[in-house]
Amino acid sequence: MKARFLLPLGLFAALVVLFAVGLGLNPREVPSPLIDKQAPTFTLPQLHAPEASFGSRELTQQPVALVNIWASWCVACRQEHPFLMELAQRGDVPIYGLNYKDERADAIAWLKRHGNPYRVSGHDLDGRVGIDWGVYGVPETFVVDGRGVIRYKHIGPITPQVWREKMEPVVRQLQQGGA
Amino acid sequence: MLPELGHFALILALCMALVLGVVPLAGAARNVDSWVAVARPAAWGQFLFMGIAFLLLMTAFVTNDFSVAYVAQHSNTLLPTIYRVSAVWGGHEGSLLLWVFLLGGWTVAVGTFSRHLPTLMVARVLGVMGLVSVGFLAFLLFTSSPFERLWPIPADGRDLNPLLQDIGLVLHPPMLYMGYVGFSVAFAFAIAALLGGRLDATWARWSRPWTTTAWVFMTLGISLGSWWAYYELGWGGWWFWDPVENASFLPWLVGTALIHSLAVSEKRSAFKNWTVLLAILTFALSLLGAFLVRSGVVTSVHAFANDPKRGVFILMLLAVMVGASLLIYAWRAPQVKSTGHFAVVSRETLLLGNNVLLVVAMGSVMLGTLYPLLLDALGMGKISVGPPYFNTVFIPLMVPLLFMIGIGTLARWKQDSIGRLEQTVRYTLAVSVVIGALLPWLLFRSWEPMAMLGAVLGVWILASALLDLRLRLRNSAGLWQGLRRQSRSFYGMVAAHLGVAVTAIGITFSSYYSQEHDVRLAPGESHVMGEYRFLFEGISEHEGPNYTATRANLRVSKEGQRDVVLHSEKRLYKVQGMPMTEAGIDWGLTRDLYVALGEPLGDGAWAVRLYHKPYVRWIWLGSLLMALGGLLAAADRRYRLKRNVATEAAS
């Protein structure tokens with residue numbers, strides 16, 4: 001067996017090792033480039049009161065808040081909705097909504113039917129704010145701390161498991177005044 | 001009851017595959033005729049049970065048997081019947097079953113159409129294919145059975161992904177899989193030849209028509225996918241360098257190198273080790289494609305629902321199959337002697353250049369596809385590699401390749417001289433450069449250098465093919481007689497090369513001269529783009545079988561031409577709640593007009609995207625020509641003549 005004929009086998013073995021490592025990683029966990037950065041500033045009309053505004057300032061009134069991007073046309077939002085309701089009832093952490101590319105009437109009707117877990121929802125009709133926040137699929141949920149810095153981002157519906165394992169620890173840490 | 005029968009049929013198919021993978025190979029090694037004779041019946045048995053399983057799954061879909069989990073996840077009572085049939089391969093499990101079924105089909109085809117080959121060779125080829133089949137059947141049965149039951153039985157299914165509810169996607173996976181799986185034949189021939197120590201020109205001749213046929217399917221599959229992406233995704237693009245697109249493109253590039261290198265191995269008995277390695281590599285890349293799509297190591301719009309267990313299994317499959325074949329290669333290849341010697345200036349050298357460029361192109365596409373994974377594995381962060389990288393590395397490799405198409409077909413085997421070649425092509429080349437450089441100006445009033453380059457290359461391929469034909473007809477009595485005397489494989493080669501030229505021109509012109517306007521239009525408003533006026537006539541609501549649609553009507557007018565009305569829809573598929581855009585396209589040989597409805601902007605106005613895409617059809621027209629060329633070449637008479645001679649000798 002001459003060495004050069006073993007070369008393809010060697011290259012291939014290296015690839016297999018790479019894939020084996022790759023299998024343990026999750027490419028869907030794309031970290032938002034905004035993590036640990038100041039949340040983009042915005043001002044939006046409130047969903048239920050268009051004359052009043054909702055913006056970055058409201059987010060920093062407590063040590064930690066959740067910002068949930070939602071829409072009445074989004075099926076996965078309906079899936080996570082009962083859990084958001086539960087979180088809101090527990091009252092551990094305020095949830096703000098960002099109603100994304102939705103008709104006002106549809107959004108209000110949707111909240112009436114399924115319940116409203118949000119302290120306030122901003123109405124982002126043309127999705128401009130969503131773009132600033134780097135939203136690429138609804139629902140998405142951001143954890144924002146008292147200084148308005150994004151500390152965590154979850155893409156897709158929040159499940160009890162995701163909450164317990166990923167988000168709650170971050171929220172708890174921030175509430176206890178950890179940096 | 002029926003789904004359990006399907007599962008049982010798959011188990012029997014696995015048993016048959018085990019017999020096929022073990023007995024004939026052992027028989028060939030130990031020279032036991034009765035063991036060798038098992039190959040064909042076992043191949044048929046395996047195919048029979050795979051067919052039963054496949055039909056039973058299809059039955060479950062057509063009859064809406066939602067007690068089968070896979071059916072419940074991918075179908076719905078409202079789904080039109082044709083999509084219920086294609087939903088069979090709409091998810092991971094069913095598409096794997098299709099894969100396995102096609103592999104069984106190819107195995108039977110090889111068994112049937114290779115009666116003229118030595119029995120031992122056929123036994124080895126079928127045996128190797130049987131082993132491949134064992135791997136995939138095990139993967140199917142142990143990690144991804146499509147026949148799992150669901151309890152309680154849901155009243156209705158979750159519906160097929162709306163993206164897949166389209167005729168392009170009904171055909172795209174079977175075509176592509178025919179290609180992927182077809183390359184297993186070339187692979188099996190290579191391994192059988194290595195095992196038997198018979199790596200000669202006849203081996204290359206036997207595997208050529210199979211390889212070319214697989215390549216034809218792959219070409220059609222990829223271009224169907226690209227065509228589908230163009231009209232269905234509503235982005236106006238036709239290739240996105242998505243990891244899964246790349247996964248199908250990698251084996252195609254190396255497969256293209258393989259069919260050229262097989263030509264050298266057959267005609268000149270050279271490059272044999274290299275050809276064998278390419279055959280292994282092509283199939284390995286097909287497996288790699290399966291791994292990338294089904295394991296979730298890369299993110300892609302195509303990715304199936306991921307399960308780490310599947311990823312581990314298919315990685316092991318890949319490691320064992322490719323590892324074993326490369327080991328056999330390292331063991332056997334050193335004994336092979338390439339006998340065909342050739343000079344530096346010769347057709348062999350040019351074909352070698354073709355191979356090198358194609359393999360390097362494959363390598364750079366693979367690097368771009370796997371680089372994010374590599375960085376992530378090394379803990380260096382997550383990135384994604386986009387079109388800028390691929391275009392930058394890919395285009396410079398394609399330019400010399402396209403140029404060499406013209407020279408390569410005119411060069412002589414074994415030895416040629418630069419002087420003679422120059423003498424032969426100089427007028428043709430000069431004319432091509434002039435015409436090609438003027439084309440962008442004549443058509444678009446533009447002097448864009450890259451467009452000129454693309455046009456020159458396209459015209460050059462056409463002109464050199466004509467020159468080649470003229471030289472071949474020089475000594476024949478009449479034109480018609482001369483044309484008839486040329487072999488099918490010659491015409492196949494010409495058609496495929498012209499296809500490359502047509503595709504190259506389509507890509508160049510559509511990328512440089514497309515216009516795209518994002519506009520806000522209210523009913524009654526219009527927008528002018530180039531020579532076309534787009535009038536937004538209004539919106540109407542429609543009800544489809546399983547979706548509701550908002551349809552926009554746009555009237556397109558151009559001076560001196562009849563108006564066309566284009567419809568673009570925003571559909572909401574009810575079950576999955578998924579919005580989809582149907583683009584409205586007026587197609588033409590020299591340009592497509594393309595409109596896609598965006599979001600409502602209030603006050604009755606909508607965001608509308610308008611495109612004018614010149615020569616974009618040529619991209620797919622060219623790939624059809626390539627596929628036609630491949631078919632002609634695979635149908636060449638000499639592959640069949642051999643068989644007649646062999647049959648006569650036997651009788």
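Here is a short conversation about a predicted model and some of its residues. Local features need pLDDT of at least 70 and side-chain atom pairs count only at pLDDT 80 or more, while totals for chains, interfaces and linings use all residues. Residues are numbered from 1 along each chain as its sequence is written, and chains are lettered from A and ligands numbered from 1 in the order in which they are written.

Student: Which helix gives the largest share of the largest nonpolar core?

Tutor: A nonpolar core is a set of buried Ala, Val, Leu, Ile, Met, Phe, Trp, Tyr and Cys residues joined through C-beta atoms within 7 Å. Buried means 20 or more other C-beta atoms within 10 Å, exposed 12 or fewer, and partly exposed in between, with C-beta atoms placed from the backbone. The largest core has 190 residues. Its largest share, 19 residues, comes from chain B, residues 167-196, a DSSP run (H or I, at least four residues, numbered from the N terminus): helix α8.

Student: Is B:Arg445 buried or exposed?

Tutor: B:Arg445 sits in the loop between α15 (418-444) and α16 (449-473) of chain B. Its phi is positive, about 55°, although it is not a glycine. Because it has 7 C-beta neighbours inside 10 Å, B:Arg445 counts as exposed.

Student: How many other C-beta atoms lie within 10 Å of B:Asn64?

Tutor: B:Asn64 is found in the loop between α3 (39-62) and α4 (69-74) of chain B, and its phi is near 55°. This residue is partly exposed, and the number of other C-beta atoms within 10 Å is 17.

Methods
Helices (H or I, at least four residues) and strands (E, at least two) are DSSP runs, numbered from the N terminus.
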